[in-house]
Amino acid sequence: MRISASLTHAPGQQRVVMRTGDAEHTLAVAPKAAGGGSATNGGEFLMLALATCYCNDLYREAARLGVVLERVEVQAEAEFAGIGLAARDVRYRARVQSPAPPDTIARLLRETDAVAEVHNTLRQGVPVQWIDGGPPETTLPMTHSIEHQEAGSTGAFFIQQAGERLAEMTYSRTNPTLIIIDHTQVDERLKGQGAGRQLLDALVAWARETKTRVVALCPFAKAQFDKDPSIRDVLV
């Protein structure tokens, strides 16, 4: 199972995509209010990775042992001394609420610590390899302004540059609260920049705001809904 994360950033704009196997979802991470980069730094994300991994693994191991968990709290911390230096004094703690006996909970915490994958990755000092991504891209900006038009029974979310429509996701309206996504098209100049997904994200946000239900007949849109459970709430 391959797990990956990608971050695309431009001034004032940011998109984070997480993937586990074939499943993909986006994560809302704000850019810095001033200057480049993310408002959440890498050290904070690393501590979140430790806390999230242990929390998820607690529920997995609790199910294996037949332990009921009512609440889980995990806190991770480390000392980052300066630019280019590895973290030190990495530690974490966990608290759980459960009707299980204290010795059972102690066993659960101990056994979960032994199998927590992110923790074991750090403990083993797995090398991190830098891969040359090649020359800088010279295509259009990676994040685009999405426009929306609707006339009669048809509508579209689209990206337009200098009066030219370079990407669009079109839909048909069947009634005041239901639309059918029927087509997505992205110009070659926007390929590889996530333009299609940006169009879908804009449509999903609009559908939630207007309480519109969605049917995805377009193959691209259907594939995105199949991969990302977090946006399926707008589907019929």
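Which side chain makes a polar contact with the side chain of Arg197? I looked this up before anything else, in a model that is predicted.

**Entry: Arg197**

I found the partner to be Gln224, whose side chain makes a polar contact with that of Arg197 at 3.0 Å. I placed Arg197 in helix α4. Is Arg197 buried or exposed? I recorded a relative accessible area of 4% for Arg197, so this residue is buried, the cut-off being under 20%. I then listed the residues that Arg197 touches, leaving out those up to four places away in sequence: Arg15, Glu24, Thr26, Phe220, Gln224, Asp228 and Ile231. Gln224 thus appears in this list and also as the polar partner.

**Entry: the nonpolar cores**

I recalled a general tendency: in soluble globular proteins, nonpolar side chains tend to be buried together. I then looked at the largest nonpolar core, which has 24 residues. The members that touch the most other members are Ile181, Leu190, Leu200, Leu203, Trp206, Val214 and Phe225. Which elements each supply at least two residues of this core? I noted the strands β7 (154-161), β8 (164-175), β9 (178-186) and β10 (213-216), together with the helices α4 (195-210) and α5 (219-227). Helix α4 gives the largest share of this core, seven residues.

I followed Leu203 in detail. Not counting residues up to four places away in sequence, Leu203 touches Phe157, Met169, Tyr171, Ile179, Ile181 and Val214. I also noted a second, separate core of 13 residues, which includes Ala51, Tyr54, Leu69 and Ile105.

**Entry: aromatic rings**

How many aromatic pairs are there? I counted four aromatic pairs. I examined the pair of Phe157 and Tyr171, whose ring centres are 6.3 Å apart. The planes of these two rings stand at 40°, so I entered the pair as tilted, the class between 30 and 60 degrees. Phe157 belongs to strand β7 and Tyr171 to strand β8, so the pair ties together parts that are 14 residues apart in sequence. I found both Phe157 and Tyr171 to be buried. Ring pairs also link Phe157, Tyr171 and Trp206 into a cluster.

I made a separate note on Phe158. The charged end of Arg165 sits over the ring of Phe158, at 3.7 Å from the ring centre.

**Entry: Gln14**

I located Gln14 in strand β2, which covers residues 13-20. Its relative accessibility is 17%, so Gln14 counts as buried. What polar contacts does the side chain of Gln14 make? I found one with the side chain of His9, at 2.8 Å. I also found the backbone oxygen of Val29 at 3.1 Å from a polar atom of the Gln14 side chain. Beyond residues up to four places away in sequence, Gln14 touches Leu7, Thr8, His9, Val29, Ala30, Pro31, Gly37 and Ser38.

**Entry: cysteines**

How many disulfides does a search of the whole structure find? I obtained zero. Why is Cys53 not bonded to Cys55? I noted that Cys55 holds the cysteine sulfur closest to that of Cys53, and that the separation of 9.9 Å is too far for a bond, because a disulfide requires sulfur atoms within 2.5 Å. Cys55 is likewise in no disulfide. I recorded Cys53 at 9% relative accessibility, so Cys53 counts as buried.

Conventions
Residues are numbered from 1 along each chain as its sequence is written. This is a predicted model: local features need pLDDT of at least 70, side-chain atom pairs count only at pLDDT 80 or more; totals for chains, interfaces and linings use all residues. Side-chain values use heavy atoms; hydrogens and water are left out. A nonpolar core is a set of buried Ala, Val, Leu, Ile, Met, Phe, Trp, Tyr and Cys residues joined through side-chain atoms within 4.5 Å. Buried means under 20% relative accessible area, exposed over 50%, partly exposed in between (1.4 Å probe, protein chains only). Helices (H or I, at least four residues) and strands (E, at least two) are DSSP runs, numbered from the N terminus. Contact means heavy atoms within 4.5 Å. Rings of Phe, Tyr and Trp (its six-membered ring) pair if their centres lie within 6.5 Å; planes under 30 degrees apart count as stacked, over 60 as edge-to-face and the rest as tilted. A charge sits over a ring if NZ of Lys or CZ of Arg is within 6 Å of the ring centre and within 35 degrees of the ring normal. A polar contact is a pair of N or O atoms within 3.5 Å; within protein, one must be able to donate a hydrogen and the other to accept it, and residues adjacent in sequence count only if both atoms are side-chain atoms.
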